[in-house]
Amino acid sequence: MDLISKLLKNKLALAALIFISFIITIAILSFIEIKLGKYSFDLQDQDQILLQPSWEHPLGTDQLGRDLLARLIYGGRLSIFV
C-alpha cells in the first residue's frame, strides 16, 4: 500500500504508468487481431508520401506512404512479443 500511495503522489510517475499501460493495451489489442485503424502497417501508397499529421493519418506517413500510427502499433506488438 505504501508503494501505491507514493505512486499517486508522484504525478510524473503516474503519467508514465498511464502512458506505458496505454501502449501495452494497444499492442495487446492488435495482437489479438482487433482492427485499430483502417491502414495496414506495410501498405504502401505512393500518393500519400510524407504527409503531415491529419485526421486520416494521426502521425502522418513515411517516405513510402505507409501510415506511421499503424507501424507504431505493429512495432509495439513485436516488442511485447519479444
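This report walks through helix 3, the pocket beside it and the loop before it in a predicted model.

## Helix 3: length and cap

Let's start with the helix itself. Helix 3 covers residues 68-81, and its 14 residues should span 20 Å at 1.5 Å a residue. The C-alpha atoms at its two ends are 20 Å apart, so the model agrees with that expectation.

At the N-terminal end, Asp67 does the capping. One of its side-chain oxygens sits 3.0 Å from the backbone nitrogen of Ala70.

## Two faces of the helix

Which residues of helix 3 are buried? They are Ala70, Ile73 and Gly76. Looking down the axis of helix 3, you find these buried residues within an arc of 125°, so they line one face of the helix.

Ile73 is a good one to click on. Its relative accessible area is 18%, and because the cut-off for buried is under 20%, Ile73 counts as buried. Its C-alpha atom is 12 Å from that of Asp42, and the two residues are 31 apart along the chain.

Now flip to the face turned away from the buried side: here helix 3 carries the exposed residues Leu72 and Ser79. Ser79 has a relative accessible area of 56%, which makes it exposed because the cut-off for that class is over 50%. For a sense of where Ser79 sits, try Trp55: the two are 24 residues apart along the chain, and their C-alpha atoms are separated by 26 Å.

## The second largest pocket

What lines the second largest pocket? The list runs Phe22, Ile23, Ile26, Ala27, Leu69, Leu72, Ile73 and Gly76. Helix 2 (11-31) and helix 3 each put at least two residues into this lining. The pocket holds about 160 Å³ of space.

By class, the lining has seven nonpolar residues, one polar residue and no charged ones. Some names will be familiar from the helix: Ile73 and Gly76 belong to the lining and are also among the buried residues of helix 3. Leu72 is in the lining too, yet Leu72 is one of the exposed residues on the face of helix 3 turned away from its buried side.

## The loop between helix 2 and helix 3

Next, the stretch that joins the two helices. Asp62 is in the loop between helix 2 and helix 3, and Arg66 lies in that loop as well. Are these charged side chains buried or exposed? Asp62 is buried, at a relative accessible area of 7%, and Arg66 counts as buried too, at 15%. Both values are under 20%, so both residues fall in the buried class.

What does the side chain of Asp62 contact? It makes a polar contact with the side chain of Arg66, at 2.8 Å.

Leu50 gives a contrast. Leu50 is also in the loop between helix 2 and helix 3, but Leu50 is exposed, with a relative accessible area of 57%. The backbone at Leu50 is worth a look as well: phi is near 50°, a positive value in a residue other than glycine.

## Pulling it together

Helix 3 has a buried side with Ala70, Ile73 and Gly76, and an opposite face carrying exposed Leu72 and Ser79. Together with helix 2, helix 3 supplies residues to the lining of the second largest pocket. In the loop between the two helices, you have buried Asp62 in polar contact with the side chain of Arg66, and exposed Leu50 with its positive phi.

Notes. Residues are numbered from 1 along each chain as its sequence is written. This is a predicted model: local features need pLDDT of at least 70, side-chain atom pairs count only at pLDDT 80 or more; totals for chains, interfaces and linings use all residues. Side-chain values use heavy atoms; hydrogens and water are left out. Helices (H or I, at least four residues) and strands (E, at least two) are DSSP runs, numbered from the N terminus. The expected span of a helix is 1.5 Å times one less than its number of residues. Buried means under 20% relative accessible area, exposed over 50%, partly exposed in between (1.4 Å probe, protein chains only). The arc is that of the directions from the helix axis to the C-beta atoms. A polar contact is a pair of N or O atoms within 3.5 Å; within protein, one must be able to donate a hydrogen and the other to accept it, and residues adjacent in sequence count only if both atoms are side-chain atoms. On a 1 Å grid over the protein atoms alone, a cavity is a set of points where a 1.4 Å probe fits but cannot get out, and a pocket is an open set with protein on both sides within 12 Å along at least five of seven lines; lining residues have an atom within 4 Å of a point. Grid points are joined across faces, edges and corners, and a volume is the space filled by probe spheres set on the points. Ala, Val, Leu, Ile, Met, Phe, Trp, Tyr, Cys and Pro count as nonpolar, Asp, Glu, Lys and Arg as charged, and the others, Gly among them, as polar.
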